[in-house]
Structures are given as structure tokens and as C-alpha cells.
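Dear colleague,

Please find below the structure I agreed to pass on to you. My notes on what was found in it follow directly after.

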Amino acid sequence: MPAAQPTLPEFLAEAEVWLSAHAERRPPESDLRYGDGSDSVAIFENLDGDALRARVDTVRHWQQAKSDAGLGSIAWPTEYGGRGLPRSYEQAFRSLEEGFVTPLGHEAVGITTDLVAPTILTVGTAEQKARYLEPMRRTDEMWCQLFSEPSAGSDLASVSTKAERHGDSWLLNGQKVWTSGAQFADFGYILCRDDATAPRHGGLTAFIMAMDAPGVEVRPLRQMTGGTSFNEVFLTDVELPDSARLGPVGEGWRVAITTLGFERASATKTAASGGDLFARATLVAKHRGRLADPVVRQALMSVYIGGRVRSLTGRRTTDTLKSGGVPGPEGSIGKLAWTEGLRQLSDVMGLILGPALVADTGEWGTYAWTEFLLGAPGFRIAAGSDEVQRNIISERVLGLPRDPR
């Protein structure tokens with residue numbers, strides 16, 4: 001006989017006991033003091049090599065510990081190792097977890113648990129779910145998302161990596177780029193073109209690909225922030241069985257859109273939890289005597305108001321997930337608002353810090369903001385460019401005529 005489902009208060013009490021035993025409580029934002037702790041506000045970390053791997057492993061170990069305690073995949077079906085609880089329980093746990101000092105998330109882990117796993121859960125075959133979901137839940141196996149190409153970034157329908165069918169197998173050739181965490185991935189979820197004569201949004205098929213398969217080469221890309229979290233991936237005669245296909249032949253666009261919905265929802269959830277950045281910016285402004293400047297005060301208030309609006313938008317996405325739905329255009333609204341918030345905060349820090357933003361004097365909370373400013377433009381491209389988000393909002397939300405193509 002299955003165990004009775006705990007009430008939400010019972011579940012949160014259980015979760016708080018576990019979190020208290022495994023992590024320190026996060027001090028309130030009002031307790032932040034200038035000069036205390038790390039001053040890093042990097043969006044894309046300035047790490048590579050062994051340091052980056054150690055960083056990813058720290059996040060993985062936290063995910064594994066949560067999973068072993070029944071707190072890592074709360075809303076997943078029980079047959080795949082989850083708790084089978086409502087999504088509201090998972091959201092409540094994430095809110096509770098934010099009150100503790102835990103390892104910051106990393107895209108290599110988030111792609112595995114928040115993007116590819118829900119996609120396989122939504123469109124995968126029974127065999128694919130049984131094979132992949134359990135090790136994904138604990139990040140025992142890591143994944144990357146092979147979508148973008150040198151000539152097909154925001155215009156995903158233009159991918160040209162070829163998938164040629166030969167009986168019960170497929171042969172893949174092409175190049176992918178901007179692939180986060182590919183150097184840590186055991187498997188990749190890849191979108192290919194199987195029919196060059198089909199309409200742009202047709203003739204696409206998605207596959208599951210082992211990253212150590214013959215013909216797969218991963219090359220890290222150094223970003224202007226200094227790190228190497230992105231990669232380019234080359235495929236030369238990579239052979240896959242037809243059982244590696246994710247979704248029907250020619251339905252890759254539908255599969256990809258499912259993933260992008262989860263990706264934008266994830267960005268919206270990130271946008272809803274950006275209060276720490278605002279608190280840090282205010283702390284720096286106060287220390288440097290800029291809070292009395294009406295221009296700085298107005299700019300900071302615009303950042304704060306934008307954060308509150310994004311939080312409300314994030315709740316809409318959360319409600320969609322709670323009801324068992326797949327995120328829709330509201331994810332685009334939240335993602336676009338998040339990038340606008342990053343731009344606003346970048347402008348504010350330029351006002352507050354002036355030359356201290358570009359000259360490394362060693363002072364806490366000054367030059368460290370450079371990594372934030374250099375990373376912020378990347379979010380205008382990630383998960384679909386700002387221009388793509390505006391088209392989605394105009395066409396699918398406002399019902400305006402489609403953009404000429």
C-alpha cells in the first residue's frame with residue numbers, strides 16, 4: 001500500500017529539518033555588510049579546467065544529496081525515482097532552500113535536470129524514460145543541449161547538421177556551437193535536419209547521442225569573461241540507432257519547442273530570485289555615498305520595480321507548471337524582462353562605480369562588477385534572443401501579424 005501523501009506543512013517541516021542539518025541559514029539581506037564574504041556577482045563564471053570541473057561537481061553532489069533525501073525531484077513520477085508530489089510542493093521547497101547557503105546552480109546541472117529530463121519525460125518513449133531519467137535525476141549522468149549552430153543561433157529552424165537515415169540507423173554530420181557543459185556531458189540531446197527539401201520547421205528530427213561516440217569532438221570556447229563553460233561540438237559520421245530518436249521523424253521542431261518552453265521557464269524562475277543583486281548594488285551605492293544622488297536613486301528604484309514585476313510573472317509560470325502544463329509564451333515575457341533587468345542593473349553600476357568599474361584597485365565590490373557587465377549581454381542571446389522573444393510575444397500573445405520571413 002503506497003504511503004500517504006504528506007500535507008504541504010508536513011513536507012516543509014521535513015525539508016527544513018534536512019536543510020538545517022546540511023546547510024547554514026542564509027542571513028537576511030538586511031544583514032549584508034560591505035566587505036563581508038565574496039564580492040563575486042559573475043553571471044558566467046571565470047573558471048576553466050580543473051576549477052570549473054570542481055565547481056560542477058560541488059553542484060552535482062548537492063543534487064545527489066537532495067535526491068537521496070527525496071528532495072531532488074519532488075514532482076517527478078515515483079517510477080522514475082521522484083516523490084510524485086504536486087508541483088506546488090517542489091516550488092515551496094525551492095523557496096525554502098533559498099533561505100539556506102547552498103552551492104550556486106550551474107548550467108551543466110540545470111540543463112540535465114530542468115531542461116532535458118522534462119523533455120524526455122514529456123516526449124520520450126517508455127524505454128528512453130526507463131533508461132535515462134533515473135541517472136539524470138541524481139546527475140549520475142550529465143547532459144548537454146546541442147541546438148545552436150554557427151549559422152543557426154536564434155533562428156533555430158535553420159539548423160543544417162545532417163541526419164541521414166540508413167535502414168535502422170542514422171548518420172550525423174555537422175557542427176554545433178555555444179553548447180554549455182558539453183565537456184562534462186555523458187549524453188547530448190541534438191536537433192538535426194533529416195530532409196533538406198522540407199519546409200523550414202519540418203524536416204527536423206531530435207536524437208539522443210552519447211558524447212563519447214566515435215566522431216564526436218568537443219572544443220571549449222573562451223568567453224570574454226575569461227571562462228570556458230561554452231563549447232563547439234563537431235560531428236563526423238556519428239552513427240546512432242533509430243532507438244536514439246527523440247520523438248517522431250520530422251517532428252524535431254515540436255520537440256525543441258517543448259524544451260525551449262522549459263528553458264524560458266527556468267530563466268523566468270531565475271529572474272524571480274534576483275533580490276540579492278539589488279541588495280548588493282544598494283550596499284555599494286551606500287558605501288560610496290551615492291544614495292543621495294537622485295539619478296542613482298531613481299535608477300535603483302527602476303531595478304527594484306522591475307524585479308517585483310518579474311517575480312509576479314514568475315508566479316504565472318509556476319502556476320502553469322503546478323497545473324501540469326508546459327510553459328508557454330509567459331516564459332518569453334519573463335525571459336525578456338530578465339535581460340532588461342540585467343541591462344538596467346549594468347547601467348546603474350556604471351553610474352555608481354564610474355572608473356572603479358574598469359580599474360582593479362583591489363577594493364571589495366568594485367571591479368568584481370565587471371564580470372557581471374561582461375556576462376549580461378550573453379543573456380540577450382541565451383534561450384532565444386530578445387528579438388525572438390518579442391516576436392513570440394507579439395504573435396502568440398498579442399495576436400499581431402507574423403513577422404515577414
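**Backbone, cavity and surface**

Asp237 counts as partly exposed because its relative accessible area is 45%, a value that lies between the limits of 20% and 50%. Please bear in mind throughout that this is a predicted model. The residue belongs to strand β9, which covers residues 230–241. Its backbone deserves a look: Asp237 is not a glycine, yet its phi is positive, at about 50°. For context, most residues other than glycine have a negative phi.

Trp178 shows a positive phi as well, here of about 60°, and it is likewise not a glycine. Trp178 is located in the loop that links β5 (169–176) to β6 (187–193). With a relative accessible area of 54%, Trp178 is classed as exposed, because the limit for that class is over 50%.

I then turned to the interior. How many cavities of 30 Å³ or more does the structure hold? The count is 1. The largest cavity has a volume of about 30 Å³. Its lining consists of Asp39, Val41, Arg280, Val284, Trp364, Gly365 and Trp369. By residue class, the lining of this largest cavity comprises 4 nonpolar, 1 polar and 2 charged residues.

On the surface, Met301, Tyr304, Ile305 and Val309 make up a nonpolar patch of about 370 Å². Of these residues, Tyr304 was examined individually. Tyr304 sits in helix α8, which runs over residues 294–322. Its relative accessible area is 38%, so Tyr304 is partly exposed. That value is also consistent with its place in the patch, because patch residues need over 30% relative accessible area.

One further position concerns helix α3. Ser88 is part of this helix, which spans residues 87–97. Ser88 has a relative accessibility of 24% and is therefore partly exposed, since buried would require a value under 20%. Along the chain, Ser88 and Ala75 are 13 residues apart, and their C-alpha atoms are separated by 8.4 Å.

When you open the model, I would suggest viewing the two positive phi values first, at Asp237 and at Trp178. The cavity lining, including Arg280 and Trp364, and the nonpolar patch with Tyr304 could then be viewed in turn.

With kind regards

Note on methods: Residues numbered from 1 in each chain as written. Predicted model: local features only at pLDDT ≥ 70, side-chain atom pairs only at ≥ 80, totals over all residues. Heavy atoms only, no water. Helix = DSSP H or I, 4+ residues; strand = E, 2+ residues; numbered from the N terminus. Buried < 20%, exposed > 50% of the residue type's maximum accessible area, 1.4 Å probe, protein only. 1 Å grid on protein atoms, 1.4 Å probe; cavity = no way out; pocket = protein on both sides within 12 Å on 5 of 7 lines; lining within 4 Å. Points joined across faces, edges and corners; volume = space filled by probe spheres on them. Nonpolar A, V, L, I, M, F, W, Y, C, P; charged D, E, K, R; others polar. Patch = residues over 30% accessible without salt bridge, like charges linked within 9 Å, V, L, I, M, F, W, Y side chains within 5 Å. Areas by Shrake-Rupley, 256 points an atom, 1.4 Å probe, with all protein chains shown as cover. Salt bridge = Lys/Arg side-chain N within 4 Å of Asp/Glu carboxyl O.
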